[in-house]
Amino acid sequence: MTSLKNKRILITGASSGLGKTLAFEFAKKGAALTLAARRINELEKITESIHYAYPKITIPLAVSCDVTNQENVRQIVTDSIQKFGSIDMLINNAGIGAYGNTERTTMEDFRNIMNVNFFGAIHCITEILP
């Protein structure tokens, strides 16, 4: 397995769940992290917790980001590159779901899911690849 020490990793959807768990795991392995999500307050708490738990690594960059907004994604990629020099790995983790009866799910609900889960991932990929 390749070492993650000093790897520059951008994680979307990092404010909870799998994204938050991955942030701590990658921090434990010495990665330099950019944590992105819509809930900046949660990201700041996670950043503080990571810094407290792993004081020898670079303090993660916490950035508010709505992955459905291409300009927003472009800015977090720019911010991450300015701080760390490059991005070695993207964890496209931002996602939403609809819960309840399918027959009550609206087309707007389905569009929102596609905008975040599919197009949000595409926005991140297309901004990082160049």
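Which residue in strand 4 is the bridge partner of I11? It's I91, and that pairing is a handy way into the fold. Before going further, a word on ground rules: this is a predicted model, where local features need pLDDT of at least 70, side-chain atom pairs count only at pLDDT 80 or more, and totals for chains, interfaces and linings use all residues. Residues are numbered from 1 along each chain as its sequence is written, and side-chain values use heavy atoms, with hydrogens and water left out. Helices (H or I, at least four residues) and strands (E, at least two) are DSSP runs, numbered from the N terminus.

Let's stay with strand 1, residues 8–12. Four of its five residues are buried, so the rest of the structure largely encloses strand 1. Here buried means under 20% relative accessible area, exposed means over 50%, and partly exposed is in between, with a 1.4 Å probe and protein chains only. Strand 1 runs parallel to strand 4, and three bridges join them; two strands count as paired if DSSP finds at least two bridges between them. Strand 1 also pairs with strand 2, again in the parallel sense, over five bridges. To find that register by eye, look for I9 opposite L33, and then for L10, whose bridge partner in strand 2 is T34.

Getting from strand 1 to strand 2 takes you over helix 1, and the three together make a right-handed β-α-β unit. Right-handed means that, with the strands pointing away from the viewer, the path from the first strand over the helix to the second runs clockwise. Helix 1 covers residues 17–28, and at 1.5 Å a residue its twelve residues should span 16 Å; the end C-alpha atoms are 17 Å apart, which agrees. (The expected span is 1.5 Å times one less than the number of residues.) Its buried residues are G19, A23, F26 and A27. They cover an arc of only 100 degrees around the axis, which puts them on the same side of helix 1; the arc is that of the directions from the helix axis to the C-beta atoms.

What does that side of helix 1 pack against? The buried residues meet strand 1, strand 2, helix 2 and strand 4, with contact meaning heavy atoms within 4.5 Å. Just after helix 1, look for G30, which takes a positive phi of about 90 degrees.

Now for strand 2, residues 32–37. Six of its six residues are buried, so strand 2 too is largely enclosed by the rest of the structure. A32, T34 and A36 point one way, while L33, L35 and A37 point the other way. Besides strand 1, strand 2 pairs with strand 3 (residues 61–64), in the parallel sense and over four bridges. On that side, L35 stands opposite A62.

The link from strand 2 to strand 3 is helix 2, and this trio also makes a right-handed β-α-β unit. Helix 2 has 14 residues and reaches 20 Å from its first C-alpha to its last, close to the 20 Å expected at 1.5 Å a residue. In helix 2, L43, I46, T47 and I50 are buried. Down the axis, the buried residues fall within an arc of 105 degrees, so they line one face of helix 2. Their cover includes helix 1, strand 2 and strand 3. Swing round to the other side of helix 2 and you'll meet N41, E48 and Y52, which are exposed.

Further along the chain, G95 sits in the loop between strand 4 and helix 4. G95 and N115 are 20 residues apart in sequence and 9.4 Å apart in space, C-alpha to C-alpha. Leaving aside neighbours within four places in sequence, G95 is in contact with V116 and N117.

Helix 4 itself covers residues 107–128 and holds E127. Is E127 buried or exposed? At 15% relative accessibility, E127 counts as buried. Not counting residues up to four places away in sequence, E127 touches Q70, V73, R74 and V77.

One last stop is the aromatics. Rings of Phe, Tyr and Trp (its six-membered ring) pair if their centres lie within 6.5 Å, with planes under 30 degrees apart counted as stacked, over 60 as edge-to-face and the rest as tilted. By this rule the count comes to one aromatic pair. The rings of F118 and F119 have centres 4.9 Å apart and planes at 80 degrees, so the pair is edge-to-face. F118 counts as partly exposed at 40% relative accessibility, and F119 counts as partly exposed at 39%.
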